[in-house]
Amino acid sequence: MTQMPLGEDAQQALLQAARAARRNAYAPYSHFAVGAALLDEQGRVHAGCNVENAAYPQGLCAEAGALSAMVAAGGRRVAALLLVGEGPSLLTPCGGCRQKLREFAAPDTPVLVADAQGIRQGFTLAQLLPHAFGPEHLGPA
Ligand code: THU
């Protein structure tokens, strides 16, 4: 199924939700606050922020939080995801989060990246994670 283009209203709703989540980021070690928001298959928005830990590898990315919120609310598909952060270069999802997203999204799912200025760039998941391993590689359960 081909992804519908993401409307301006949906983009702004994701930006607002991601920014609100980012304000709650717990990032005392990196001081790098990240917010993520995604649209599920029912048009609902779920958001997350990064949650760091004194045991550094136990920290969670913002995308992981947003995906977890979606699944806990009964959502199973990501129609679009937006990530917001501020830094010297444009934030894009880390490799692990690209793979986490792959579980619930299609190759043409839009992934938007934003900073203080607003939405800066759009990718498809396939651009960020080409030739990805996914559930279908496992065959029928
Ligand atoms: N971070 C995210 O939340 N998402 C990403 O895709 C990139 C990195 C967080 C993890 C850590 O808390 C901080 O940014 C610095 O790496």
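Which polar backbone atom is 2.9 Å from an oxygen atom of the ligand? In this predicted model, one that belongs to Ala62. That contact opens a walk around the ligand.

Next to Ala62 in the sequence comes Glu63. Here the side chain takes part: one of its polar atoms lies 2.6 Å from a ligand oxygen. Cys94 also contributes through its backbone. An N or O atom of that backbone lies 2.9 Å from an oxygen atom of the ligand. The protein covers 77% of the ligand's accessible area, which is 370 Å² for the ligand on its own.

Now take in the whole shell. Ala62 and Glu63 are joined there by Cys61. Cys94 is accompanied by Thr92 and Pro93. Ser30, Phe32 and Val34 also surround the ligand, as do Asn50 and Glu52. Sorted by class, the shell holds six nonpolar residues, three polar ones and two charged ones. Glu52 and Glu63 are in that shell, and Glu counts as charged. The space that the ligand takes up is the second largest pocket.

Leave the ligand and turn to a pair of strands. Strand β4 spans residues 110-115, and strand β5 spans residues 118-124. The two run antiparallel, with six bridges between them. A hairpin makes the connection, passing from β4 to β5 through two residues. To find the register, start at Pro110: Thr124 in β5 stands opposite. In a regular strand, side chains alternate between the two faces of the sheet.

Methods: Residues are numbered from 1 along each chain as its sequence is written. This is a predicted model: local features need pLDDT of at least 70, side-chain atom pairs count only at pLDDT 80 or more; totals for chains, interfaces and linings use all residues. Side-chain values use heavy atoms; hydrogens and water are left out. A residue is near a molecule or strand if one of its heavy atoms lies within 4 Å of it. A polar contact is a pair of N or O atoms within 3.5 Å; within protein, one must be able to donate a hydrogen and the other to accept it, and residues adjacent in sequence count only if both atoms are side-chain atoms. Accessible areas come from the Shrake-Rupley method with a 1.4 Å probe; for residues, only the protein chains shown count as cover. On a 1 Å grid over the protein atoms alone, a cavity is a set of points where a 1.4 Å probe fits but cannot get out, and a pocket is an open set with protein on both sides within 12 Å along at least five of seven lines; lining residues have an atom within 4 Å of a point. A molecule sits in a cavity or pocket if more than half of its atoms lie within 2 Å of its grid points. Two strands pair if DSSP finds at least two bridges between them. Helices (H or I, at least four residues) and strands (E, at least two) are DSSP runs, numbered from the N terminus.
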